[in-house]
Amino acid sequence: MATIAKKRVAIIGAGISGLVSLKECLAEGFDAEVLESRAEIGGQWAYQAGPDEKGELQSSMYDGVVLNSCRDTTAFSDFPIDPARHGDYFSHREMHRYILDYADHFGLHKHISLRTKVLDCTQDAEGKWIVKFQEDGSKPQEREYDVLISATGINSIPIIPDFKDRESFRGEFLHSHYYRKPGRFEGKRVVLIGSGSAAIDLACELAPGCKEVHVITRRGTWVIPRYALGKPVEAWDSRASQVWLPSSVAEWLNTTLLNFVQGKHPKELQPDHKLMQQNPTIRTEFIEKVRHGVIKVHRGSVENFLETGLKLTNGETLGADVIITCTGYKRERPYLPGNVLSNADTPEFEADLYKLVIPARHDNLYFVGYIEQAGPSPPTMEAQARFAVGVIAGNITIPKGEKLLKEIRAWQAWHAKTYVRSERHVNTETYVPYIDSLLAPLGANPTFGRLLGQVFTSGRALQSLSVLSAVYFDVTSSAQWRLLGRGKNEDLARETVLRVSSGKLESSTREKQLLGL
Ligand SMILES: Cc1cc2nc3c(=O)[nH]c(=O)nc-3n(C[C@H](O)[C@H](O)[C@H](O)COP(=O)(O)OP(=O)(O)OC[C@H]3O[C@@H](n4cnc5c(N)ncnc54)[C@H](O)[C@@H]3O)c2cc1C
Ligand SMILES: NC(=O)c1ccc[n+]([C@@H]2O[C@H](COP(=O)([O-])OP(=O)(O)OC[C@H]3O[C@@H](n4cnc5c(N)ncnc54)[C@H](OP(=O)(O)O)[C@@H]3O)[C@@H](O)[C@H]2O)c1
């Protein structure tokens with residue numbers, strides 16, 4: 001019988017979620033391997049100019065993507081990003097380079113099988129997973145694993161709503177998944193459906209060269225700038241405000257700050273929901289371009305398509321040469337059993353996943369990367385991976401059977417009260433409190449009491465006080481989740497937390513030494 005340390009783990013996908021899962025599995029001594037359908041690692045961040053030779057397009061990155069989460073929060077918790085090499089927010093190409101560096105640094109490449117697509121996973125009577133996969137140019141094969149980690153992302157399978165009379169439209173119709181550059185749309189009238197990050201980014205990219213740019217939003221949206229009062233906007237949302245302030249106070253403060261730095265949203269865009277009830281969209285110049293009139297926002301839904309454009313539920317008719325539906329992505333896992341996320345008993349717009357990681361109806365199966373929040377993905381995915389590996393290794397005990405389902409239902413009730421009710425928010429969570437809840441069982445959540453305790457016990461009283469202050473009142477640098485507990489990398493984490501807090505524009509010599517650079 002396999003010992004715990006020899007558990008055989010299949011990780012599906014070599015995006016950020018798969019890579020952090022692999023690193024954590026290897027650290028725990030598991031026999032882990034990643035199966036990745038593409039020819040390279042990095043998932044979304046491995047830009048594709050268009051569909052590959054199989055006609056598949058996994059990445060939704062367009063040429064002009066700049067991160068909407070800032071450098072110091074987006075970094076992996078134990079692989080800081082050097083400000084000497086990267087600005088506060090940087091391009092998808094730089095992000096991909098950084099992911100490749102991460103994989104090199106932790107020796108991940110040799111555990112990854114590229115061009116290997118997982119077709120189907122079934123569980124046998126003993127709970128083992130039989131994974132059917134196909135390497136490019138070969139016949140499908142099967143392999144048995146003790147554990148499966150599903151890390152195939154949530155931004156690759158476009159949602160194309162069934163718009164009435166769509167086929168009657170004589171112009172070009174596409175999903176934002178297929179958009180890459182603004183050039184070929186120059187001089188055209190473009191209508192964008194939706195007001196998520198893609199729609200807002202595309203509107204700003206297209207506005208300078210297009211004849212007209214229209215954005216259709218059915219419930220309005222909050223659009224926030226990347227900077228507020230000279231700092232990345234995340235610098236105003238410290239751990240203290242995320243864990244100590246009642247949500248109504250945080251809501252009021254954030255909304256007041258936003259209105260102060262940007263002015264009130266134009267009427268058509270003003271959302272029905274509060275700022276923290278949905279992940280805000282980040283784009284500095286959008287509101288300004290709406291005020292200039294180069295982007296026109298329309299409040300309503302699509303009634304039907306016309307030969308020459310579309311008609312809205314508010315009675316407006318828009319003429320268009322191009323309609324781009326920016327309506328987001330399905331969170332499906334086509335290779336897993338159909339009832340894995342929900343069944344007839346699951347409340348609408350919810351998934352039966354404990355902490356968004358562990359499915360209610362299948363053992364030895366974990367989700368990493370099934371998450372949306374107003375925060376950066378990499379540290380959250382790392383925390384999910386550490387939680388999953390903690391459970392697999394027996395370092396974390398979770399409820400079983402009915403008790404597990406009861407906890408899931410309780411979370412779903414909170415979730416339903418907290419966020420806008422929509423398919424889009426099925427996997428929305430908070431940022432700092434959610435990561436803390438995943439890492440608390442490993443002792444890796446940096447509570448005020450434990451950081452204060454270090455002032456007296458660490459032998460580094462002054463430094464520990466500075467760390468406490470940086471963690472609670474400064475930008476939420478991801479290194480804070482490596483200060484304590486299982487999986488800690490304390491010296492590096494202290495250096496990074498303090499350097500980020502100091503605002504220095506280069507990694508410290510000590511950080512580089514500790515990273516072996
Ligand atoms: C335009 C855009 C901008 C974004 N900007 C930010 C940002 O600024 N900050 C941020 O934190 N996040 C951002 N995100 C979110 C981004 O998706 C995450 O940062 C992250 O890339 C998700 O990683 P993942 O590994 O979960 O999924 P993915 O990156 O999608 O990786 C999934 C991997 O699984 C593979 N795969 C899929 N199916 C199979 C199969 N059947 N068999 C084998 N392999 C399979 C895919 O090929 C892929 O490599 C952005 C997303 C988009 C689309
Ligand atoms: N620069 C960046 O970093 C960047 C850029 C692009 C994307 N991203 C990320 O990529 C992910 C996907 O973003 P996305 O913008 O493609 O998708 P998204 O965030 O899911 O937004 C989808 C939009 O389409 C609307 N919509 C959905 N179905 C609709 C329908 N039937 N009719 C009308 N409107 C409809 C939604 O409205 P409702 O709100 O009313 O549901 C929402 O406005 C997100 O995580 C995002 O943060 C990041």
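This passage walks through the overall build of the protein, its domains, its two ligand sites, one helix and one hairpin.

The model is a predicted one. Its C-alpha trace spans about 65 × 60 × 45 Å along the principal axes. For 517 residues, a compact globule would be expected to have a radius of gyration near 24 Å, and the protein, with 23 Å, agrees with that. Buried residues account for 44% of the 517. In secondary structure, the protein has 14 helices and 26 strands. If one takes the contacts with a separation of 6 or more, 67% of them link residues 24 or more positions apart.

The domain assignment splits the protein into domain 1 (4-156 + 330-442), domain 2 (166-325) and domain 3 (448-515). Between the C-alpha centres of domain 1 and domain 3 there are 27 Å. Each of these two domains puts 18 residues into the contact. On the side of domain 1 that touches domain 3, α2 (71-74), α8 (377-393) and α10 (432-439) each chip in with at least two residues. That side of domain 1 is made up of eleven nonpolar, three polar and four charged residues.

Ligand 1 comes next, with 33 residues around it; Gly-13, Gly-15, Gly-43, Gly-153 and Gly-369 come nearest. At least two residues of this shell come from α1 (16-27), and at least two from β4 (116-123). Helix α1 gives the largest share, three residues. By type, the shell around ligand 1 holds twelve nonpolar, 18 polar and three charged residues.

Ligand 2 is surrounded by 25 residues, the closest being Asn-68, Gly-194, Gly-196, Ala-198 and Gly-328. This shell contains nine nonpolar, eleven polar and five charged residues. Where does ligand 2 lie with respect to domain 1 and domain 2? It lies between them, because both domains give residues to its shell. Helix α4 (residues 197-206) supplies the largest share of that shell, four residues.

So how does helix α4 itself sit in the protein, buried or exposed? Ten of its ten residues are buried, so the helix is largely enclosed by the rest of the structure. Among these buried residues are Ser-197, Ala-198, Asp-201, Cys-204 and Glu-205. The buried residues of α4 pack against a helix, α7 (286-292), and against the strands β10 (189-193), β11 (212-217), β12 (223-224), β15 (281-282) and β20 (322-325).

Ala-199 gives a closer look at this helix, since its place is in α4. Ala-199 counts as buried because it has 25 C-beta neighbours inside 10 Å. Leaving aside residues up to four places away in sequence, Ala-199 touches Leu-192, Gly-194, Val-215 and Cys-326. Gly-300 is 101 residues from Ala-199 in sequence, and the C-alpha atoms of the two are 15 Å apart in space.

The last element is a hairpin, formed by β5 and β6 with five residues between them. Strand β5 (residues 129-135) and strand β6 (residues 141-145) run antiparallel and are joined by five bridges. Trp-129 stands opposite Tyr-145, which belongs to β6. In the turn, Gly-137 has a positive phi of about 80°.

Conventions: Residues are numbered from 1 along each chain as its sequence is written. Chains are lettered from A and ligands numbered from 1 in the order in which they are written. This is a predicted model: local features need pLDDT of at least 70, side-chain atom pairs count only at pLDDT 80 or more; totals for chains, interfaces and linings use all residues. A residue is near a molecule or strand if its C-beta atom, placed from the backbone, lies within 6 Å of it. Ala, Val, Leu, Ile, Met, Phe, Trp, Tyr, Cys and Pro count as nonpolar, Asp, Glu, Lys and Arg as charged, and the others, Gly among them, as polar. Domain bounds come from an automatic or database domain assignment. Two strands pair if DSSP finds at least two bridges between them. Two residues are in contact if their C-beta atoms, placed from the backbone, lie within 7 Å. A residue is buried if 20 or more other C-beta atoms lie within 10 Å of its own, exposed if 12 or fewer, and partly exposed in between; C-beta atoms are placed from the backbone. The radius of gyration is taken over C-alpha atoms; the globule rule is 2.2 Å times the number of residues to the power 0.38.
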